[in-house]
Amino acid sequence: MNQFQTLGQFIIEKQADFPYAKGELSRLLRDIGIAAKIVNREVNKAGLMDILGSAGSENIQGESQQKLDIFANEQFISALRSGGECAILASEENEEVIHLSKHAKYIVAIDPLDGSSNIDVNVPVGTIFSIYRKSHDGPATIADVLQQGTFQVAAGYIIYGSSTMLVYTTGCGVNGFTLDPSIGEFCLSHPNLKTPPTGTMYSINEGNYVHFPLGVKKYIKYCQVEDPGSHRPYTSRYIGSMVADLHRNLIKGGIFIYPSTASAPKGKLRLVYECNPLAFVTEQAGGRATDGLGRRILELPVMELHQRPPIFIGATEMVQQAEVFMIASLN
Ligand code: P6P
């Protein structure tokens, strides 16, 4: 007997929190949930299908596209097109925005399958999404996608891991839903999810150490120095799949850092598709997300679709401590 509330029941119940809501956002979240279930099915059997490996093509980022990247992208485009509640879809896999329903009032930015290079080795991957309201009357334009993160109406992620979870916020806290394959429904498993104020895990690709800013190097050493009073040395945990690293840290407490590196002088992770949605979720869960110098990710001006900032995200006290080293090391 399933005693959990389903995503659909929860969305309808919470719709009452928005007195002027007419159901469009509820239907949009439903459409994302539907596509996520289809993607989950393929991710879970990827090893059995001719759907592993590279598609032999590159995305707008110049990254090798995996067959599942393309499949996932197509599923979200299809679900949002048929749902009719999305005016424009900006996908990390596409160079141009995709115009869907002319009279819809919502904009969606999505990374359909983040971390997909990990699929062939069975490491968790994820979908990341952001929802904005069209900022004007008339047809939606690219300007509607380039909105500051504080204007997000909703944001969340799906993690395809040991179980499949959908975690999202509409600005009234964070709730997590676990997919019950026996009934094909996302069920409320993590109500009012809060991240611990501090933690003992730090996530960063230390292979880039020599190219890190001095403040990051100093913070890494701070994490590694023995200090039983503050539970140091911390544990290093880096999966290389942002949704998986973010989700673990959100639940257990930790910090994820992707600073500037030699190959990514401004950072690697995209402001629109990864940083803003995950920053919205993290802040709503009581955490902090900045560029390492105290500027909230959500307040960074969005100048172009594939913009990349440094990101320090996770437990508030850990992010603040890293910022102390970053600011003290500014030349
Ligand atoms: P690196 C995956 O390619 C991704 O976009 C994120 O999911 C992940 O956190 C990051 O890149 C890993 O990058 O340079 O450490 O391999």
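## An ion pair between R27 and E85

In this predicted model, R27 is partly exposed, with a relative accessible area of 33%. Its salt-bridge partner is E85, and the closest N and O atoms of the two residues are 2.7 Å apart. The pair joins distant parts of the chain: R27 belongs to helix α2 (residues 24–44), whereas E85 sits in the loop between α3 (67–83) and β3 (86–91), with 58 residues separating the two.

E85 has a relative accessible area of 10%. Because buried means under 20% relative accessible area and partly exposed means between 20% and 50%, E85 counts as buried, while R27 counts as partly exposed.

## Salt bridges at E283, R295 and R296

E283 and R296 are also joined by a salt bridge, with an N to O distance of 2.6 Å. This pair again links distant parts of the chain, from E283 in helix α6 (residues 271–284) to R296 in the loop between β14 (288–290) and β15 (311–314), 13 residues apart. Both partners fall in the partly exposed class: E283 has a relative accessible area of 24%, and R296 has 27%.

R295 forms a salt bridge with D291, at 2.5 Å from N to O. In this pair R295 is partly exposed at 49% relative accessibility, whereas D291 is buried at 6%. Elsewhere, E92, R270 and E274 are united in one network by salt bridges that share partners. The model contains 13 salt bridges in total.

## The ligand and its surroundings

The residues around the ligand are D114, G115, N205, Y238, G240, S241, M242, F256, Y258, K268, L269 and E274. This shell is made up of 5 nonpolar, 4 polar and 3 charged residues. E274 thus appears in two settings, as a residue around the ligand and as a member of the salt-bridge network with E92 and R270.

Three residues of the shell place polar side-chain atoms opposite oxygen atoms of the ligand. For Y238, the distance from a polar side-chain atom to a ligand oxygen is 2.5 Å. For Y258, an N or O atom of the side chain is 2.6 Å from an oxygen atom of the ligand. For N205, the corresponding distance between a polar side-chain atom and a ligand oxygen is 2.9 Å. Of the 400 Å² of accessible area that the ligand has on its own, the protein covers 80%.

Methods. Residues numbered from 1 in each chain as written. Predicted model: local features only at pLDDT ≥ 70, side-chain atom pairs only at ≥ 80, totals over all residues. Heavy atoms only, no water. Near = heavy atom within 4 Å. Polar contact = N/O pair within 3.5 Å; in protein donor to acceptor, adjacent residues only side chain to side chain. Areas by Shrake-Rupley, 256 points an atom, 1.4 Å probe, with all protein chains shown as cover. Nonpolar A, V, L, I, M, F, W, Y, C, P; charged D, E, K, R; others polar. Salt bridge = Lys/Arg side-chain N within 4 Å of Asp/Glu carboxyl O. Helix = DSSP H or I, 4+ residues; strand = E, 2+ residues; numbered from the N terminus. Buried < 20%, exposed > 50% of the residue type's maximum accessible area, 1.4 Å probe, protein only.
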